[in-house]
Amino acid sequence: MTIKKIITYPHPVLREKAKLVTIFDEALQALVKDLADTMWNAPGVGLAANQIGIARQVVVVDRSNQAHERQYITLVNPVISAGEGSIIDEEGCLSVIECTANVKRFRKIHVTAQDVTGNPLEFDAEDRYARIIQHEVDHLLGTLFIDRLSSLKRALYKKKLKKLIQEQE
Ligand code: NI
């Protein structure tokens, strides 16, 4: 079990476009395990590889329910190939400290990806599950949820963060 340090905004790795995964080996399995361990420890409901400093197209998403604790799905090279409907709900991010805000997302999405062994995955996701996947796929593109806020809200957050950082120093 390896809990990695979660990288926070404005670190540049969060802005990198993650590279396609072409080799499905033990190193990839280890990366997925680290992502899951780090996500549970935070605790969070999803984590992208960029957030632990590795710009590769790998995310984990919480799929726990009452019957199955600590269950997650791994999405390698995920693509949202279609989206429908829209829903506004509150979001936060382990890489964006002290910030939550309402973000508009598709209510339902169609996803294609690969699993950790390279097998193709294709499925529909709705509501909370769809929201988390959209948030994590954004990470792989170098996008953060604060990019989806109004410029005024983003400016206010940057100001707040600057103050927080100054207080820590
Ligand atoms: Ni995030």
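In this predicted model, the second largest pocket is lined by I80, G85, S86, K104, R105, F106, Q134, V137, D138, L141 and R148. Its volume is about 150 Å³. Sorted by class, the residues of this lining are four nonpolar, three polar and four charged. Three elements, β3, β4 (96-114) and α2, each contribute at least two residues to the lining of the second largest pocket.

Two of those elements are strands that pair with each other. β3 and β4 run antiparallel and are joined by 14 bridges. Together they make a hairpin, with two residues between the strands. One pairing to look for in the structure is V79, whose bridge partner in β4 is T112. β3 also pairs with strand β2 (residues 58-62), again in the antiparallel sense, over five bridges. Here V61 has I73 of β3 as its bridge partner. In general, side chains along a regular strand point alternately to one face of the sheet and the other.

The largest pocket comes next. It holds about 310 Å³ of space. A total of 18 residues line the largest pocket, and those nearest its centre are V45, E91, G92, I132 and H135. At least two lining residues come from β3 (72-93), and at least two from α2 (127-140). The biggest contribution to this lining is that of α2, with six residues. By class, the lining of the largest pocket is made up of five nonpolar, seven polar and six charged residues.

β3 and α2 therefore deserve a look in both places, since each supplies at least two residues to the lining of the largest pocket and at least two to that of the second largest pocket, where β4 does so too.

Note on methods
Residues are numbered from 1 along each chain as its sequence is written. This is a predicted model: local features need pLDDT of at least 70, side-chain atom pairs count only at pLDDT 80 or more; totals for chains, interfaces and linings use all residues. Side-chain values use heavy atoms; hydrogens and water are left out. On a 1 Å grid over the protein atoms alone, a cavity is a set of points where a 1.4 Å probe fits but cannot get out, and a pocket is an open set with protein on both sides within 12 Å along at least five of seven lines; lining residues have an atom within 4 Å of a point. Grid points are joined across faces, edges and corners, and a volume is the space filled by probe spheres set on the points. Helices (H or I, at least four residues) and strands (E, at least two) are DSSP runs, numbered from the N terminus. Ala, Val, Leu, Ile, Met, Phe, Trp, Tyr, Cys and Pro count as nonpolar, Asp, Glu, Lys and Arg as charged, and the others, Gly among them, as polar. Two strands pair if DSSP finds at least two bridges between them.
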